[in-house]
Amino acid sequence: MMPDGKKFHIETFYKAYSNGMEQSHAHDFYEIYYLLDGKRRYFINDAIYDAAPFDVILVNKGDVHLSQSPKSSEYRYCVITLSDEFLDGLGAEFDKDLLLKIFGDRKLHIPTSMQSSFNMLIHKAESKINNDDIYSEYCAKLHILELLIMLNKLAANSTYPIIDNSIYDSRIRDVCRYICQYYNEPITLNQMANIAYMSPSYFSKKFKRVTGFSFKEYLNNIRIKTAINILTETKYSIAEVASYCGYHDSNYFGDVFKKIVGVSPNQYRKEHSVL
């Protein structure tokens, strides 16, 4: 997570015997997840990625995501978080859109030839960001910028496909893609189970196992992700936003929004509107 009041952050974590995030979530900043040891599975929007040591997972602003590990698994990772304010503050000489291009790749692997220099930049940035003086902050900012440039150069020659371990995983991804496309229409568990050629009970269990989300949780997250964009970029009423995102009851929409985002739709609009 991004510490309060910060425009960027970097931190390394070690976790033992964890099975992933407590719940799916989305945030209004960019996340670079660098796995150092262990194994992780990432679910982002409608895609699944398996991560091994020296893999980088890139989570765009607003992406609905969740990570998991095999049971009784230990892992170590580094997370770099960046805000739009950080990128805008780099100045006009840096192309923000170009730097953010890597977030369309989702997954990169740091090759052996680059691991030493990449890890050293991580270490330098993390050591500087923990100091309070302004000069250390400048140094950390430069190191993170260098990391972004390195990742962009690497992305130009790297592609990692979505995993396809079984026909069942493929069916679940088909359901996720359907939800992402038709989120504003009435969508039921039985309907999605039919698309996946599964019984409703088996589909519900399989969906949770593959994605880490319950069906209802995933549907709500996709709808609320869209609602966030509409709230910040338009002046539509809360009822209109709710209806557009597939909610016929604006009060229920407000309850779901607050549960996922942490504040009401009105409050979020006041704090983040660009109009």
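I count two strands as paired if DSSP finds at least two bridges between them. The model I am reading is predicted.

**Entry 1: the sheet**

I began with strand S3, residues 40-44, and looked up its pairing with S4. The two strands run antiparallel and share five bridges. For one residue I noted the partner: Arg-41 is bridged to Asp-50 in S4.

I then traced the whole sheet. It is open, has three strands and follows the order S4-S3-S6, with antiparallel pairing. Strand S4 (47-51) and strand S6 (65-68) are the edges, each pairing on one side only. From one strand to the next I get an average twist of 20°.

Next I asked which helix packs on the sheet. Helix H7, residues 200-211, does so and touches S3, S4 and S6. I recorded an angle of about 80° between the direction of H7 and that of S6.

**Entry 2: a helix pair**

I turned to helix H8 (residues 215-233) and helix H11 (residues 265-272). Their axes come within 9 Å, and the crossing angle is roughly 55°. I therefore logged H8 and H11 as oblique to each other. The hand of the crossing is right-handed.

Which residues meet where H8 and H11 touch? On the H8 side I listed Ile-228, Ile-230, Leu-231 and Thr-232. They meet Pro-265, Tyr-268, Arg-269 and His-272 of H11. By class, the residues of this contact are five nonpolar, two polar and one charged.

Terms used. Residues numbered from 1 in each chain as written. Predicted model: local features only at pLDDT ≥ 70, side-chain atom pairs only at ≥ 80, totals over all residues. Heavy atoms only, no water. Helix = DSSP H or I, 4+ residues; strand = E, 2+ residues; numbered from the N terminus. Axes fitted to C-alpha atoms, helices over the stretch in contact; angles between N-to-C directions. Contact = heavy atoms within 4.5 Å. Parallel < 35°, antiparallel > 145°, perpendicular 65-115°, else oblique. Left-handed = near helix turned anticlockwise from the far one by under 90°. Nonpolar A, V, L, I, M, F, W, Y, C, P; charged D, E, K, R; others polar.
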